[in-house]
Protein chains: 2
Amino acid sequence: MSEDILMTEAGVMELAQRFLTGQGLAAPHAAAMARALTRAQRDGGLSHGLQRLPGTRDTIGHPEFNKAARPKVEQLTPAVVQVDADYGFSIYGTELGLPALRRSAGQLGIAFMAVRNGFHSTALWPVVEDLAEAGLVGLSMNPTHDWVAPAGGSRPVFGTNPIAFAWPRPDQKPYVFDFATTAASRADIAMHRQAGQQVPPGWGLDPEGQATTDPAAILAGAMLPFGAHKGSAIATMIELMAGPMIGDRTSHSSARFDAGHQAAPCHGELIIALNPGLLGGAGDVENAERMLNAISGQGARLPGSRRHALRARHDREGIPVRKALYERILQLMADAPG
Amino acid sequence: MSEDILMTEAGVMELAQRFLTGQGLAAPHAAAMARALTRAQRDGGLSHGLQRLPGTRDTIGHPEFNKAARPKVEQLTPAVVQVDADYGFSIYGTELGLPALRRSAGQLGIAFMAVRNGFHSTALWPVVEDLAEAGLVGLSMNPTHDWVAPAGGSRPVFGTNPIAFAWPRPDQKPYVFDFATTAASRADIAMHRQAGQQVPPGWGLDPEGQATTDPAAILAGAMLPFGAHKGSAIATMIELMAGPMIGDRTSHSSARFDAGHQAAPCHGELIIALNPGLLGGAGDVENAERMLNAISGQGARLPGSRRHALRARHDREGIPVRKALYERILQLMADAPG
């Protein structure tokens, strides 16, 4: 572990914002991206925190990326919101569409938002967690790039296709999960390669489609879904619903669109918001709490709980940022032209 | 394998209907149940086919079961349909609500149906497959009884919580999956016990919460979710959405409601229907087909495809029914009072 420095939330936010505007990214986009990275860093979600900042240069440098994108929010039906992110980062478009999504779900009980044509590099959980903080149930998913072979197959078809879900709880943080539908994350496999370690069986295939524990072979070959054919089916559903169903790219076409620029994947994102108050049960708070407490009461960790505990700690003590990363970010800013 | 007899679809349907009405089940309920069992038998889904018929006696014998239930369909909002199954089998209530669900999804792009207070013993795939045959995307889920411990835990909390999804395809059967969110089905574990075989590791825990490969210990203890903590999270989502969110039982309260009668679980069911024509992409048929063909083209089986192949074969050759089961059903009918 490298040494950490402690920063305030405002300090992390300001650093990220300055880095992004320094690359010519329009102010509202820089603010939305900085907010998302800061929230991840604050919750100890390092892979989606400031760590993503250096890579934004590759995304912003993609020939199709629009630094001054003007997302367009359209209400396609009373239950369906569509945001065209206009080839900027998708998070700003998502933020612009959320009020309409919340309003529609509030009125109808269920509503749907598709965010299209956005470069996506932020975690899904902040958006669904916010929906749950507002009393709604949130479900979100998206494709990525085709790195993942179907169960029983040998060649990549799916992305790492994350799915996130949040459920409001009284007097405490929502129940939230957010995970890739792969046996392990791409970052985890890359870390094993860097450390010269083999990965456990079941994580992936080599370029010939054979099972392997060599992380380099998996990164050149194919990752595998979590949960064998059941996880593979969930990944297929995400690919279809957050891709063709909303008229946006599959993980395969998103990877082709990238054309080797190493940008964040450009694709669609789907968010469904549900209002328990209109679905007949008002969320039956007591019964839901009994179920969730039966999980945590036997020592099985609720997803999200570690993140919420770290947030509370970092709010007291400051947000840790790896010193090497901090210095790299400053250096990149000093080196930047203009 | 015991010997099979071959029956026509009409013959299977008539047998099931006669068995059910013979127990005093009102005609429309008997017809709906018989249709569902016949569809499963026709597709080779034996566990949800005629095999379920003998057990319907336990369900119909539950003191809360309503043989002449009159399900009530209510449109709670333009996007939300609620069916109260009135303590009959849920499938008839579901059938009554589907036209409203299809209409709402057709108009708004997304719609939601909750079926409450139904005894549930039919597979989920027939309903979502029908939605997909009508050009919609279908997603369905329900709790069952609390047989499944959370990943990292030791005591049962979840049901086997199935999830089903269907996607329309041009000129061929829809893409459909329908699976329990457990490492293995309860029927599979029971079959191992009957055959005196150990089960593979990872299927369950004994009553002390310790990992075991003894099927009897798992049936007395706890099953485990598929896909470790990720499958556990999906099971939690299903428990919350198809339980408290719609004001119906969790798997825990459903098991208590059964009170040892061995009836089919009485709980809620959730169906979401989406209309790709109103979601911005019209289902982008070409891109979706390319993705699905990339799966099947490398020899990875698409879920549902085996079932559809068996259907085609059984439509030509007749529907196989195990002779021992057929004779047992006839015997039970002969023995029945009245």
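**Helix pair in chain B.** I started with helix α1 (residues 9–21) and helix α2 (residues 27–42) of chain B, whose axes come within 8 Å and cross at roughly 140°. For the record, axes are lines fitted to C-alpha atoms, for helices over the stretch in contact, and angles run from 0 to 180 degrees between N-to-C directions. That angle makes α1(B) oblique to α2(B); angles under 35 degrees count as roughly parallel, over 145 as roughly antiparallel, 65 to 115 as roughly perpendicular and the rest as oblique. I noted the crossing of α1(B) and α2(B) as right-handed (the near helix is turned clockwise from the far one by less than a right angle; anticlockwise would be left-handed). On the α1(B) side the contact is made by Glu9(B), Val12(B), Met13(B), Ala16(B), Gln17(B), Leu20(B) and Thr21(B). Among the α2(B) residues that meet them are Ala27(B), Ala30(B), Met33(B), Arg35(B) and Arg42(B). Contact means heavy atoms within 4.5 Å. Helices (H or I, at least four residues) and strands (E, at least two) are DSSP runs, numbered from the N terminus.

**Ground rules.** This is a predicted model, in which local features need pLDDT of at least 70 and side-chain atom pairs count only at pLDDT 80 or more, while totals for chains, interfaces and linings use all residues. Residues are numbered from 1 along each chain as its sequence is written, chains are lettered from A and ligands numbered from 1 in the order in which they are written, and side-chain values use heavy atoms, with hydrogens and water left out.

**Symmetry.** Next I laid chain B on chain A: the RMSD is 0.0 Å after a turn of 180° and a shift of 0.0 Å along the axis. That is the relation of a two-fold axis. The superposition is by least squares on the C-alpha atoms of residues with pLDDT of at least 70 in both copies. Which residue of chain B comes closest to the rotation axis? I found Gly227(B), with its C-alpha at 1.9 Å. I also checked the interface: 100% of the interface residues of chain B are also interface residues in chain A, so the copies meet through the same surface.

**A helix pair across the chains.** I then looked at helix α8 (residues 228–241) of chain A and helix α10 (residues 285–296) of chain B, whose axes come within 10 Å and cross at roughly 160°. α8(A) and α10(B) are therefore roughly antiparallel to each other, and their crossing is right-handed. Thr236(A), Glu239(A) and Leu240(A) of α8(A) make the contact with Ala288(B), Met291(B), Leu292(B) and Ile295(B) of α10(B).

**Phe165(A).** I found Phe165(A) in strand β6 (residues 163–169) of chain A. Buried or exposed? Phe165(A) counts as buried, at 0% relative accessibility; buried means under 20% relative accessible area, exposed over 50%, partly exposed in between (1.4 Å probe, protein chains only). Leaving aside neighbours within four places in sequence, I see Phe165(A) in contact with residues including Val128(A), Leu139(A), Tyr175(A) and Phe177(A), and with Met237(B), Leu240(B) and Met241(B) of the other chain.

**Ala151(B).** This one sits in the loop between β5 (137–141) and β6 (163–169) of chain B. Ala151(B) is partly exposed, with a relative accessible area of 22%. Beyond four places in sequence, Ala151(B) touches Ala300(A), Pro225(B), Ala228(B), His229(B) and Ser232(B). I also took a C-alpha distance to Gly88(B): 34 Å in space, with the two positions 63 residues apart in sequence.

**Arg57(A).** Helix α3 (residues 56–60) of chain A holds Arg57(A), which is partly exposed at 36% relative accessible area. Not counting residues up to four places away in sequence, I have Arg57(A) touching Phe19(A), Gln23(A), Arg328(A) and Leu332(A). Arg57(A) and Phe19(A) are 38 residues apart along the chain, and their C-alpha atoms are separated by 9.6 Å.

**Positive phi.** Most residues other than glycine have a negative phi, and I picked out two with a positive value. Asp86(A) has phi near 60°; Asp86(A) lies in the loop between β3 (80–84) and α4 (90–108) of chain A and is partly exposed at 26%. Asn161(B) has a phi of about 30°; Asn161(B) is in the loop between β5 and β6 of chain B and is buried, with a relative accessible area of 0%.

**Cysteines.** How many disulfides does a search of the whole structure find? I got zero over all chains, taking a disulfide as a pair of cysteine sulfur atoms within 2.5 Å. Cys266(A) counts as buried at 1% relative accessibility, and Cys266(B) is buried with a relative accessible area of 1%.
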